[in-house]
Structure formats: structure tokens, C-alpha cells
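Trainee: Got a minute? I'd like to go through this one with you.
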Amino acid sequence: MKRSPRALLPVAGAGFGGLGVVLIVVGTFLPWFRSGSTRRDSYQAIGLIRFYRLLDGSPFDPLLTVWVGLTPAITLCVVAYALGLRRTAACVAGVLAVLTGTVATVAVVQVDDGGLLGVAGTGPAVTLTGSALVLLGAIGVLAGPGKHHSTSTANTTGGTP
């Protein structure tokens, strides 16, 4: 039986989304901040921001807590997808991708090779790429046929004909 192109969207979406979540998680552990010759990942940078209380009282302060919860949240999306809650997983992953993509975009445009302090480009670039792939994947999963989609138009309820 030949599958319609729309029926292949969730499969392609899962592939793009799976690669994207891996890139997001890996990207958060790559260098985001540099100080002289020292490179720090996003979690180490958050530690410094909290230590020096740079965002205390700021509306961006809760973002630090959300960022630390990214890996567990992404893990829950993968588990939800594996349990058959594909659209729910795609929606949550899409929201996480918008969040990570926004932060990574802000960081990418701040990358500067000069000076002692600055934003390192590797982590934000990988995270941004992953975010774009997750969004593409989520759209594919959501645009595909639903769980109860039937390719047959025959009435399957009732007894034998």
C-alpha cells in the first residue's frame, strides 16, 4: 500500500525532532561564555550569573531556573513520544525550542572575538540549530494525520455484512 506524503510527515518530523533535541542538549554543554582563555557552558554561566546576582529581581531571573530544567523537560518529551503521546510531545518540544532558540539567537548575535569577556559562539550556534530542527519536527508531527486517521472510507463498525 502506498503512503500519502502527508502520512510521512510524522516520521520525518520525529527524525528532525530527535536530532534537534540531541543538538539542544549537547549545545547547552558546549561553550557559551568566555573569560580570557576560559570557556564556560551555559550552566556554568548561569552559576556565575547567580553568584554575582546579576539578574536578581529581574523578570529574566526565572529563565535561569527554566534553563536548568531543559534536559529533564526534553527527556519527558522523548518519553511522552515513546508512549504514544506524539502530539503532546511535539507541542511541548516546540515550546522548548522557541525558548532555547530565542536565547541562542540573542547569544549568537552577541558573539565577539575581541576583548577578555564575551559570548562564545559554539554552544549558542549548536543550540539554535537544534531548536530549528525541533520546530521543524514538531510541525511535521502536528501536520501529519492524527492517531485515529483511517485511509479506508469503508464503515468498519457493526457486524458482518
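Mentor: Let's take the strands, then the surface, then the cysteines. Keep in mind that this is a predicted model.

Trainee: Fine. How many bridges join strand 1 to strand 2, and do they run parallel or antiparallel?
Mentor: Four bridges. Strand 1 covers residues 31-35, strand 2 covers residues 38-41, and they run antiparallel.

Trainee: What's the bridge partner of Arg34 in strand 2?
Mentor: Arg39.

Trainee: And between the strands, which residue takes a positive phi?
Mentor: Gly36, with phi near 65°. The hairpin has two residues between the strands.

Trainee: Switching to the surface. Which residues make the nonpolar patch?
Mentor: Phe51, Tyr52 and Leu54. The patch is about 410 Å².

Trainee: Where is Tyr52 found?
Mentor: In the loop between helix 2 (42-51) and helix 3 (61-68).

Trainee: Is Tyr52 buried or exposed, and why?
Mentor: Tyr52 counts as exposed because its relative accessibility is 55%. The cut-off for exposed is over 50%.

Trainee: Now cysteines. How many disulfides does a search of the whole structure find?
Mentor: Zero. Cys77 is in no disulfide, and its nearest cysteine sulfur is that of Cys91, 9.8 Å away.

Trainee: Why is there no bond from Cys91 to Cys77?
Mentor: Because the two sulfurs are 9.8 Å from each other, too far for a bond. A disulfide needs the sulfur atoms within 2.5 Å.

Trainee: What about burial for Cys77 and Cys91?
Mentor: Cys77 counts as buried, because its relative accessibility is 7%. Cys91 is partly exposed, with a relative accessible area of 42%.

Terms used:
Residues are numbered from 1 along each chain as its sequence is written. This is a predicted model: local features need pLDDT of at least 70, side-chain atom pairs count only at pLDDT 80 or more; totals for chains, interfaces and linings use all residues. Side-chain values use heavy atoms; hydrogens and water are left out. Two strands pair if DSSP finds at least two bridges between them. Patches are made of residues with over 30% relative accessible area and no salt bridge: like charges are joined within 9 Å, nonpolar side chains (Val, Leu, Ile, Met, Phe, Trp, Tyr) within 5 Å. Accessible areas come from the Shrake-Rupley method with a 1.4 Å probe; for residues, only the protein chains shown count as cover. A salt bridge is a side-chain nitrogen of Lys or Arg within 4 Å of a carboxyl oxygen of Asp or Glu. Buried means under 20% relative accessible area, exposed over 50%, partly exposed in between (1.4 Å probe, protein chains only).
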